[in-house]
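Let's read a protein model together, asking at each step what earns a feature its name. Have a look at the picture first, and then we can begin.

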Amino acid sequence: MRRDPRLVPLSREHHAALRLARALISGTGVAMLSHMRPELQAHFDEEERDLLPVLRAAGEHALVRRLLSEHEQLQRFFDEAEAGRRCAEAGEALIAHVRFEEREMFPAVERHLAPVAA
């Protein structure tokens, strides 16, 4: 399925997040995480700013709660991983989060976005 063009940049950023997740799982991703933390925060901020209003307006409150909860959980995991703890858990949580967004949240957003003007 083709992604709505407005979501393509966010979807592309998921590729880097998955590389980070694999590095965290293998135990080699702490430096990468420290470098990527600002990008990850910007990604989270963009989703919360641009996508959550669409979901809220459509009554998709469970997806809104899940996204916010997972963003908070990931921040805690990232703090732990940067301290050298729970790296594999952080990586697994990041993979699960990307899957949630790609398989559930983005399709829901696409259903509720206004059509792109031709």
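Q: Which helices do the buried residues of helix 2 pack against?
A: In this predicted model, they pack against helix 1 (8-26), helix 3 (61-82) and helix 4 (87-112). Here, packing rests on contact, that is, heavy atoms within 4.5 Å.

Q: Which residues of helix 2 are buried?
A: The buried ones are Leu33, Met36, Arg37, Leu40, His43, Phe44, Glu47, Leu51, Leu52, Val54 and Leu55. Here is a helpful thought for reading such a list: an α-helix has 3.6 residues a turn, so residues three or four places apart point the same way.

Q: Why is Arg37 called buried?
A: Buried means under 20% relative accessible area. Arg37 has 16%, so Arg37 counts as buried.

Q: What makes the link between Arg37 and Gln75 a polar contact?
A: The cut-off is a pair of N or O atoms within 3.5 Å, where one can donate a hydrogen and the other can accept it. The side chains of Arg37 and Gln75 are joined at 2.8 Å, and those of Arg37 and Asp79 at 2.9 Å. Both links are therefore polar contacts, as their distances lie within 3.5 Å.

Q: Which residues is Arg37 in contact with, leaving aside its neighbours within four places in sequence?
A: They are Gln75, Phe78, Asp79 and Glu82. Seen from the other side, Phe78 touches Arg37 along with Leu33, Leu40, Phe44 and Leu94, again not counting residues up to four places away in sequence.

Q: How do you know that Arg66 is partly exposed?
A: Buried stops under 20% and exposed starts over 50%, with partly exposed in between. Arg66, in helix 3, has a relative accessibility of 32%, so the name is partly exposed. Beyond residues up to four places away in sequence, Arg66 touches Phe100 and Glu104.

Q: How do you know that the reach of helix 2 is close to the expected one?
A: The expected span is 1.5 Å times one less than the number of residues. For the 28 residues of helix 2 that gives 40 Å, and the helix reaches 38 Å from its first C-alpha to its last. Helix 1 can be checked in the same way: with 19 residues, 27 Å is expected and 28 Å is reached.

Q: Where in helix 2 does a kink lie?
A: The kink lies at Met36, shortly before the proline Pro38, and is about 50°. This angle is the one between axes fitted to the seven residues ending at Met36 and the seven starting there.

Q: What makes a group of residues a nonpolar core?
A: The members must be buried, belong to a set of residue types that includes Leu and Phe, and be joined through side-chain atoms within 4.5 Å. The largest such core here has 19 residues, and those with the most contacts inside it are Leu20, Leu24, Leu33, Phe78 and Leu94. Helix 1, helix 2, helix 3 and helix 4 each supply at least two of its residues, and helix 4 gives the most, with six. Apart from this core lies another, of 15 residues, among them Leu7, Leu63, Met105 and Ala108.

Q: Which residues does the "Hemerythrin-like" domain annotation cover?
A: The unreviewed UniProt entry places it at residues 11-109. Over that stretch the chain is 90% helix and 0% strand, with the end C-alpha atoms 13 Å apart.

Note on methods:
Residues numbered from 1 in each chain as written. Predicted model: local features only at pLDDT ≥ 70, side-chain atom pairs only at ≥ 80, totals over all residues. Heavy atoms only, no water. UniProt positions renumbered as here; feature names shortened; annotations may be inferred. Helix = DSSP H or I, 4+ residues; strand = E, 2+ residues; numbered from the N terminus. Buried < 20%, exposed > 50% of the residue type's maximum accessible area, 1.4 Å probe, protein only.
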